[in-house]
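User: Please take a close look at the salt bridges in this model, and then at the empty space enclosed by or opening from the protein. I would like one connected account.

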Amino acid sequence: MRLLEGKSVLVTGGSTGIGRAAAIGAARHGANVAINYASSDDKAASCIAEIEALGQKGLAVKGDVALPETATDFVARAVEAFGRVDVMVSNAGICPFHAFLDMPVETVDRTFRVNLHGAYYMVQAAANQMVAQGEGGAIVAVSSISALVGGEFQTHYTPTKAGVHSLMQSAAIALGRHGIRCNSVLPGTILTEINKDDLADQAKRDRMTARIPLGRLGEADDLAGPIVFLASDMAAYVTGAALLVDGGAFVNLQ
Ligand code: RM4
């Protein structure tokens, strides 16, 4: 079953982790895929190679999502390459773990600009293109379980993930009349670059795993299916929703 046949899918932070899994997952379901990425040209190129090996077109566009112009440029490049935008997966994010009381201003600022401002600009740019196309569309934002619960070393990060979740709720209202659906996935603890150093602490890794009813930390590929689902017509009546993808961690108090 190919849920995104012929669709044009854009993914931010698409060269690694959840973004990469979403990009390749969309290609597996028949989409042409454009990825935004911030740093590694090699990782971006290898992602495009995987997309093309699946028989789909791929495009990699380097840019810092914290800058508004990155969003309008990314959308324009995707339209130039594929002719349209059907799906935006707003995934790019950072989480430089740090204690609260001595949290540097620049760390707070950078985290907000990448995670929240970046999502806002990308969602807005994609929505404007979708409205101009007049055929609806789907926007999936990668929020987090951290939109719903806190983290001692994430005081700068959890508000951004709550903000992304809230952005999707408001965008769903603003864009419903255009047939554009807006939803969030809320990943739990997924093993990616974002937490590699944090989870190198075996005691913390064991604590996080112990909370998860499914008994394991998540992997990026665990997000591909939920994102493809929310991007597809299988979710035709789903908008403003939030889908936890956390192995049951959130509900597990005791
Ligand atoms: C997620 C969640 C995970 C953490 C990553 C960095 O939202 O908080 O536990 O490892 O962020």
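**Salt bridges and enclosed space**

Analyst: D64 has a relative accessible area of 25%, so D64 counts as partly exposed. The model is a predicted one. D64 pairs with R110 in a salt bridge whose closest N and O atoms are 3.0 Å apart. Because D64 sits in the loop between β3 and α3 (68–82) and R110 in helix α4 (residues 105–133), this pair ties together parts that are 46 residues apart in sequence. R110 is also partly exposed, at a relative accessible area of 37%.

The D64 pair is one of ten salt bridges in the structure. Another joins K62 to D41, with 3.2 Å between the closest N and O atoms. Here too distant parts of the chain are linked: K62 belongs to strand β3 (residues 58–62) and D41 to helix α2 (residues 41–53), 21 residues apart. K62 has a relative accessible area of 44% and is partly exposed; D41, at 41% relative accessibility, is likewise partly exposed. A further salt bridge is formed by K196 and E193, where the closest N and O atoms are 3.3 Å apart. E193 is partly exposed at 46% relative accessibility. Salt bridges with shared partners also join R84, D86 and E135 into one network.

E135 comes up again in the open space. The second largest pocket holds about 170 Å³ of space. Its lining has 13 residues, and those closest to the pocket centre are K7, E135, G136, G137 and D233. By class, this pocket lining comprises six charged, four polar and three nonpolar residues.

As for closed space, two cavities of 30 Å³ or more are counted. The largest cavity has a volume of about 70 Å³. Of its 14 lining residues, S90, N91, A92, N115 and A119 lie nearest the centre. Two or more lining residues come from each of α4, β5 (137–142) and α5 (158–175), and α4 contributes the most, with five. Helix α4 is also where R110 of the D64 salt bridge lies. The lining of the largest cavity divides into eight nonpolar, five polar and one charged residue.

The second largest cavity has a volume of about 40 Å³. Its lining consists of L4, V9, A22, A26, V87, V89, I227, V228 and A231. The elements giving two or more of these residues are α1 (17–28), β4 (87–90) and α7 (221–231), with α7 giving the most, three residues. The nine lining residues of this cavity are nonpolar, with no polar and no charged residues.

Methods. Residues are numbered from 1 along each chain as its sequence is written. This is a predicted model: local features need pLDDT of at least 70, side-chain atom pairs count only at pLDDT 80 or more; totals for chains, interfaces and linings use all residues. Side-chain values use heavy atoms; hydrogens and water are left out. On a 1 Å grid over the protein atoms alone, a cavity is a set of points where a 1.4 Å probe fits but cannot get out, and a pocket is an open set with protein on both sides within 12 Å along at least five of seven lines; lining residues have an atom within 4 Å of a point. Grid points are joined across faces, edges and corners, and a volume is the space filled by probe spheres set on the points. Ala, Val, Leu, Ile, Met, Phe, Trp, Tyr, Cys and Pro count as nonpolar, Asp, Glu, Lys and Arg as charged, and the others, Gly among them, as polar. A salt bridge is a side-chain nitrogen of Lys or Arg within 4 Å of a carboxyl oxygen of Asp or Glu. Helices (H or I, at least four residues) and strands (E, at least two) are DSSP runs, numbered from the N terminus. Buried means under 20% relative accessible area, exposed over 50%, partly exposed in between (1.4 Å probe, protein chains only).
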